[in-house]
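Student: Could you take me through one part of this structure slowly, namely the aromatic rings and the nonpolar surroundings they belong to? I would like one connected explanation rather than a list.

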Amino acid sequence: MTPLSLTESWEMEGRRLAPLLDGICSVVIAATDASLATSMALGVARAQGLRRRVAVADLIGEAPAIEALLTGDDPHGISDSFLYGVSLNKIARPMAGAENVFLMPSGTEAVAHDAVYANERWRRLAAGFHQVGALLVVVANPATPGFADLCAYVGALMPVGDTVFPTPQGVPLIAPPAPPTPEPLPPTPRPNAARARAAAAEDESSRRRRFIAIVSVLGAIAVALGAFWPQLMARLPEPVAELITGKQREPDSTAVVVPPTPMDTSVRSDSAKRDSLLRDSTGTIIPTPDSLRTASPPMTVENAADSASASRFAVYFATANTRAAAMPDARVRALDAVALSPVAEGNEQWFRVTIGASSTRAQAESLLTKLRTQKIVGSGSIVSVPYALRLARSVTPTLIPTRLAELANRGIIAYALLQPDGSATVYTGAFESPMQATPLADSLRALRVAPVLVYRTGRAF
């Protein structure tokens, strides 16, 4: 038996530890030795790929082990997508020898810098994988600027190797493995004289009778399987049936990433005949591609003088490509200052959920710790969303539940913040810029609600 190399040992270790990621949809695998991180990631991907779709993103930069498994000759990769807008579906390519695993190479530009590592698109990408139950594995170098941000966006970290490196605070660690050691060769079996004599003395006719009995049983099983094979295959899960028959579907790299709602730039004849605003399953009017394209210019912030005291910090909870998928459950909705905000990112429409409204990052960090303890969020992160749409002000706090219920009946997800004078202000949405608030404002006007863009102020009840 030829001893395994160190990289082969780490790939085997990745296969062994892959079940630890069964409940995880996105993870950063990192090591000071890039080859070890890559080997671990490929081992994890091969094992997890037997059960679900997996994508491996190369943030090492032309990692040899990943490059060797690429199919096709398209040079584009992560850098081209994050820096120049190339579609992620275009750069995801099936891995040779594992058709349920897709590779996202580093691309034509360098990836080892914070413009890629600290890019907030990782958070939306991780949310997409969570939405469909797939697994995103990001291979990274912990010494690269922006590594902590990358881990916070992706949501989990699996350190690899025996060289310790600083791990970002607040990011869950997935069972840091001990360095594997090659298994020793099995000892040469020593002949057992007593057993050899017993085998030699065994009656030949007895062995023949046992052989005939075994063949008869196997024949009966084969006949039964032949009769019920179609029904049996019909009941098996599709991946298992494919594995048994050897017939597999063509790899579909477009299913790796959750497809965002398209925001078309051309008017279609069929869409011109209908309203530019549609209602979702709850009856709420939501922005569509047409309404976003014809949205009003950015609104003016009414209370510009309150920018310094704005409750700008919130806990990021989730992002989805449909409003229904982003809608938080009752447990989350019961929290303070829960905002569901439609935001446009390039040519894509997303719906983001944030929790809380704090004037300092320390307060937001405290809320994040509490939500992790209560198992409401897994990893989470802090975002700066100082803008909101004001729906009412100077509301008596005792009337707040009634006002919020009235708005909810109209499909408007609103929240209230307590002001220094004892009154409350009702808001909807939480945005990074005035431009982001425009589509939601247009939708509210269609409901005959007059929103006012403001810096949100006050504190949660």
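**Aromatic rings and nonpolar cores**

Tutor: Let us begin with Trp122, which has a relative accessible area of 0% and is therefore buried. Please keep in mind that we are looking at a predicted model. Trp122 is also named among the residues with the most contacts inside the largest nonpolar core, together with Val28, Leu59, Ile78 and Met104, and that core has 31 residues. The largest share of this core, five residues, is contributed by helix α8. It is a general pattern that nonpolar side chains in soluble globular proteins tend to be buried together.

Now to the rings themselves. When the whole structure is searched, four aromatic pairs are found. One of them joins Phe82 and Trp122, whose ring centres are 4.7 Å apart and whose planes meet at 45°; since planes under 30 degrees apart would count as stacked and those over 60 as edge-to-face, the pair is described as tilted. This pair links distant parts of the chain, because Phe82 belongs to helix α4 (residues 78-84) and Trp122 to helix α7 (residues 121-132), 40 residues apart. Phe82, with a relative accessibility of 10%, counts as buried. Its ring has a charged neighbour too, for the charged end of Arg121 sits over the ring of Phe82, 5.1 Å from the centre. A similar arrangement involves Arg123, whose charged end sits over the ring of Tyr316, 4.1 Å from its centre.

A second pair brings us to Phe147 and Phe165, where the ring centres are 6.2 Å apart and the planes stand at 80°, so this pair is edge-to-face. Phe147 lies in helix α8 (residues 147-154), whereas Phe165 lies in the loop between β6 (157-159) and α9 (193-201), so the pair ties together parts that are 18 residues apart in sequence. Both partners are covered: Phe147 is buried with a relative accessible area of 4%, and Phe165, at 9%, counts as buried as well.

Phe147 also leads us back to Val28, since Val28 touches Phe147 along with Val138, Ala140, Leu150, Cys151, Val154, Ala156, Leu157 and Met158, leaving aside residues up to four places away in sequence. Apart from the core that includes Val28 lies another one, of 30 residues, among them Met40, Ala63, Leu135 and Val137. Met40 is one of the buried residues of helix α2, a helix that is mostly covered, with 12 of its 15 residues buried.

Technical notes
Residues are numbered from 1 along each chain as its sequence is written. This is a predicted model: local features need pLDDT of at least 70, side-chain atom pairs count only at pLDDT 80 or more; totals for chains, interfaces and linings use all residues. Side-chain values use heavy atoms; hydrogens and water are left out. Buried means under 20% relative accessible area, exposed over 50%, partly exposed in between (1.4 Å probe, protein chains only). Helices (H or I, at least four residues) and strands (E, at least two) are DSSP runs, numbered from the N terminus. Rings of Phe, Tyr and Trp (its six-membered ring) pair if their centres lie within 6.5 Å; planes under 30 degrees apart count as stacked, over 60 as edge-to-face and the rest as tilted. A charge sits over a ring if NZ of Lys or CZ of Arg is within 6 Å of the ring centre and within 35 degrees of the ring normal. A nonpolar core is a set of buried Ala, Val, Leu, Ile, Met, Phe, Trp, Tyr and Cys residues joined through side-chain atoms within 4.5 Å. Contact means heavy atoms within 4.5 Å.
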